[in-house]
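Trainee: I would be grateful for a close look at a single part of this protein. Could you take me through the sheet, and then set out what else has been computed for the fold?

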Amino acid sequence: MSAQGITEPADYTDAFLRGVLDGTKSIAVVGASADPVKASFFVMKYLRDKGYTVIPVNPKMAGQTILGLPVYASLKDLPEPPDMVDVFRNSAAAGGVTDEAIAAGAKVVWMQLGVRNDEAAARAQSAGLTVVMDRCPKMEIQRLYGEIGRIGVNSNLLVTRRLAPTKSFKKLI
């Protein structure tokens, strides 16, 4: 923990992250994109496919749809508070998003890989929110629940040593 009581990203225990992910049902994705090569798009799609209710938030796309879901301009426009706000914005912008998440009644602010704002995290924690910084919920779900394969394919098997390729795999090489 830092001097402000902010948990350092490396200090998040697996039990803590599992608790956050298992206690979350709805996720507002701030910075959502309709571009399928953007991280926010495929993370949002993955989370939706895992059973979470995802809510795209992007002021430039408000009124449009992403993955068939209505896009909202801001968190204050949501019909009900999300459990989690997943921040796909830079560290400076994460402060304003965090303040909106507090005002919207979210329970968790999750800042994506490379996004860290200690002052915003302190404000969120003071308001009773849980904060995760510099992590990706998609990657954490895959890591925690054994969905990561050596080449990014879900093999339903997580191993710590390299396996010999199967015959069908050799045909692909």
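Mentor: The account below begins with the sheet and then turns to a helix contact and a pocket. Please bear in mind throughout that this is a predicted model.

The sheet is open and has five strands, which follow the order β2-β1-β5-β6-β7. The pairing of these strands is parallel. In general, the strands of a sheet pair through backbone hydrogen bonds, in either a parallel or an antiparallel manner. At the edges lie β2, residues 53-57, and β7, residues 130-132; each of these edge strands pairs on one side only. On average, and with direction ignored, neighbouring strands of the sheet are turned by 20° against each other.

The β7 edge can be followed in further detail. Strand β6, which covers residues 108-111, runs parallel to β7 and is joined to it by three bridges. Within this pairing, V108 has T130 of β7 as its bridge partner.

Turning to the helices, α1 spans residues 14-22 and α5 spans residues 137-144. These two helices pack at an angle of about 115°, and their axes are 11 Å apart. The crossing of α1 and α5 is left-handed. From α1, the residues that make the contact are D14, L17, R18 and L21, while α5 contributes P137, E140, I141, R143 and L144. By character, the contact of α1 with α5 comprises five nonpolar and four charged residues, with no polar ones.

Finally, there is the second largest pocket, which holds about 190 Å³ of space. The pocket is lined by 13 residues, of which V30, G31, N58, P59 and R89 are the closest to its centre. The element that gives the most to this lining is helix α3, residues 91-104, with three residues. In contrast to the helix contact, polar residues are represented here: the lining of the second largest pocket divides into six nonpolar, four polar and three charged residues, whereas the contact of α1 with α5 has no polar residues.

Note on methods:
Residues numbered from 1 in each chain as written. Predicted model: local features only at pLDDT ≥ 70, side-chain atom pairs only at ≥ 80, totals over all residues. Heavy atoms only, no water. Axes fitted to C-alpha atoms, helices over the stretch in contact; angles between N-to-C directions. Helix = DSSP H or I, 4+ residues; strand = E, 2+ residues; numbered from the N terminus. Left-handed = near helix turned anticlockwise from the far one by under 90°. Contact = heavy atoms within 4.5 Å. Nonpolar A, V, L, I, M, F, W, Y, C, P; charged D, E, K, R; others polar. 1 Å grid on protein atoms, 1.4 Å probe; cavity = no way out; pocket = protein on both sides within 12 Å on 5 of 7 lines; lining within 4 Å. Points joined across faces, edges and corners; volume = space filled by probe spheres on them. Pairing = 2+ DSSP bridges.
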